[in-house]
Structures are given as C-alpha cells and as structure tokens.
Amino acid sequence: MANEYPQVMVIGGSDSDGSAGIEADLHSFFMRRVYGTVVMTAVVAGNSYGIHDSFTLPLPFISKQFEVLADDLGVKAVKTGMLADADLINTVADNLEKYDFGKLVVDPVIVTKHGALLLEDAAFETLKNRLIPLAEVITPNFYEAEHIVGRKLKSKDEIEAAAHELQDLGAKNVMLKGQRIGDGQETVDDFVLLEDGKTFWLPAQFFDTDRRNGTGDTVSAVIAAELAKGTNVEESIRIAREFVTNAIGNEIQVGHKYGPINHWANELPKE
C-alpha cells in the first residue's frame, strides 16, 4: 500500500524563477495527479531576463539521490532535463541501468528553440550513445533533431526520415516537436513515430508570445506522468500536446521579459 499512488521522477536542474527545469516538471506532475520526485543535478540563478549563474552538484551526491529513492519509493516513470556535461550524463545513465524506475522520457536538451547550442560535443555524443538508447520516448525540438541527425530538415519528408533515424539510435518512440518560425505562422506541427511503426502529425495552434518558458519540460513531464498512470504512449503524447497548447494559449504575467507558460490553464483531471 505504501507505493500505491503513481510516482514520477525528474532528473534535472532547479530554475530559481520557477518557469522551467524541475519546477516546470513538478507543476506538470501536480496538474496530472502524480507524485513528483526529484534527482537534482544543478541549481540555476535565473529570472525572466536570463540565467545569471549556475552550479552543478557533485556526482556522488547525485548518485546518492538515486540510491535513496530506489530504496523507498515506487517510481513508475522518469524524465530527464538538461544535463550539463558528459560525466553527468554517464552518471545518470549508470544509475538508470542500475535501478528500475520504469519508463524513461528523454528531453534531449541540446539546442534552444531559437537554435543556440547548449551542449559541448563530448556531452552530445554521450547523450546520443548512453541515454537515448534507454528512452521509451524522446522529445527533441526541431533544432535538436537537426543536430542529432547532422543536417538541416527542410521538408516534412526530411522530418519523418529524421524521426526514423532517432528511433534507430535506440529510442522506442519519437515526438519531434515542430519549428517555431513566427511572422504569420498559424500552426506548429509535431511529428510522432511510435515503436510499432505508426506515424502521425500533431498540428497545434501557434501563439506568438514570449510567455513560453518551460514548454519542452512540460511536454516531457506530462508524457512521463501519463506513462506512470498506465496510459499508452500515443495517448500520453496527445495529452501532453493538448496540455502545453492550453498552457501557452492562456498567458499569465510573471516576470518582465520571457515568462512561464500557464499550467493552471489545464483543469485537474478527475481521478
């Protein structure tokens, strides 16, 4: 009875303004009625203007968090966020192979939605070789998918081919998030490739707003939450897409510049 309630884990960094990282994940878990646990890898001093300082936690302490959670809780799904370097990614992969925390959702935080590179080459290769093969679902944004496959994606056919290449790296299911262009854009079209070969596009309304911090974190967190409850992968992805569309489309004004999405826009689901 102690671990009857659905429990989910996030592995990532704490964002002090609450808009992204672990905080966005926990907002998402709460709204999907799962209990959120944390393996914290870093802390960030940031606000709506940007990140001003950060600190990565010692690797032995990160491993100890895995150990103590495995000793007590019944985590059924886990998601990763931004992982700073190759040593950290190896530590995370080692612990995910050592302990059973259920299905893994990898949000491969490599490139921002604006195309800025976040990982050094060594860390990128480690992510590709150690973490992606463990993934039940991988959720790259458009630029991350381009970086992983090593080329520009200029058409829907090329996006679909890239999703198959991501699956060939070991990820069972792929949600390749659409490009945000702006300037009259009406929809953002995500592409999904499932383990059984089924494919489909998920179009959603595009909102031209600077209140979108935590979008990628939230998508992967909601997928993980649903998997922990026993929802199948396709439905988990569809729920996550609808959830984040609502959260972007119903703005809240927090901070002066690049603000968070609105998790409250989604009513709590009935038990």
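Here a colleague and a modeller talk through a predicted model, one question at a time.

Colleague: Let's start with charge on the outside. Which residues gather in a patch of negative charge on the surface?

Modeller: Asp and Glu count as negative, so those are the residue types to look for. A patch of this kind takes residues with over 30% relative accessible area and no salt bridge. The residues that gather on the surface in this way are Asp 85, Asp 87, Glu 120 and Asp 121.

Colleague: Is Asp 121 buried or exposed?

Modeller: Asp 121 sits in helix α4, which covers residues 121–131. The cut-off for exposed is over 50% relative accessible area. Asp 121 has 55% relative accessibility, so the word for Asp 121 is exposed.

Colleague: Now to pairs of opposite charge. How many salt bridges does the count come to?

Modeller: The rule asks for a side-chain nitrogen of Lys or Arg within 4 Å of a carboxyl oxygen of Asp or Glu. One pair that meets it is Asp 25 with Lys 79, at 2.8 Å from N to O. By this rule the count comes to 15.

Colleague: How many residues apart in sequence are the parts tied together by Asp 25 and Lys 79?

Modeller: The side chains of Asp 25 and Lys 79 meet in a salt bridge. Asp 25 belongs to helix α1 (residues 21–31) and Lys 79 to strand β4 (residues 75–80), so the pair links parts whose separation in sequence is 54 residues.

Colleague: And are Asp 25 and Lys 79 buried or exposed?

Modeller: Buried means under 20% relative accessible area. Asp 25 falls in that class, and Lys 79 does too, so by this cut-off both residues of the pair are buried.

Colleague: Which helix holds Glu 226, the partner of Arg 32?

Modeller: Arg 32 and Glu 226 form a salt bridge with their side chains, 2.8 Å from N to O. Arg 32 lies in the loop between α1 and β2 (35–47), so the pair ties together parts 194 residues apart in sequence, and the helix that holds Glu 226 (residues 215–228) is α7.

Colleague: What is the relative accessible area of Glu 226?

Modeller: Its partner Arg 32 is buried, with a relative accessible area of 12%. Glu 226 is buried as well, and the value for Glu 226 is 3%.

Colleague: Let's move to another pair. Where does Arg 151, the partner of Glu 165, lie?

Modeller: The side chains of Glu 165 and Arg 151 meet in a salt bridge, with 2.6 Å from N to O. Glu 165 is in helix α6 (residues 156–168), so the pair ties together parts 14 residues apart in sequence, and the place of Arg 151 is the loop between α5 (142–149) and α6.

Colleague: Which residues do salt bridges that share partners join into one network?

Modeller: Salt bridges can be linked into a network when they share partners. Arg 32 and Glu 226 are already a pair. The residues in the network are Arg 32, Glu 226 and Lys 229.

Colleague: Which residues is Gly 36 in contact with, leaving aside its neighbours within four places in sequence?

Modeller: Gly 36 lies in strand β2, and at a relative accessible area of 24% this glycine is partly exposed. Contact means heavy atoms within 4.5 Å. With the sequence neighbours set aside, the contacts of Gly 36 are Val 8, Leu 26 and Phe 29.

Colleague: What covers the buried residues of α1?

Modeller: The buried residues of α1 are Gly 21, Ile 22, Ala 24, Asp 25, Ser 28, Phe 29 and Met 31. Their cover includes β1 (7–15), β2, β4, α7 and α8 (233–249).

Colleague: How many of the eight residues of α5 are buried?

Modeller: Among the buried residues of α5 are Phe 142, Tyr 143 and Ile 148. Their cover includes α4, α6 and β7 (173–176). Helix α5 is mostly covered, and the number buried is seven.

Colleague: One last angle: what is phi of Arg 33 near?

Modeller: Arg 33 is in the loop between α1 and β2, and follows α1. Most residues other than glycine have a negative phi. Arg 33 has a positive value, and its phi is near 60 degrees.

Key: Residues numbered from 1 in each chain as written. Predicted model: local features only at pLDDT ≥ 70, side-chain atom pairs only at ≥ 80, totals over all residues. Heavy atoms only, no water. Patch = residues over 30% accessible without salt bridge, like charges linked within 9 Å, V, L, I, M, F, W, Y side chains within 5 Å. Areas by Shrake-Rupley, 256 points an atom, 1.4 Å probe, with all protein chains shown as cover. Charge placed at Lys NZ, Arg CZ, Asp CG, Glu CD. Helix = DSSP H or I, 4+ residues; strand = E, 2+ residues; numbered from the N terminus. Buried < 20%, exposed > 50% of the residue type's maximum accessible area, 1.4 Å probe, protein only.
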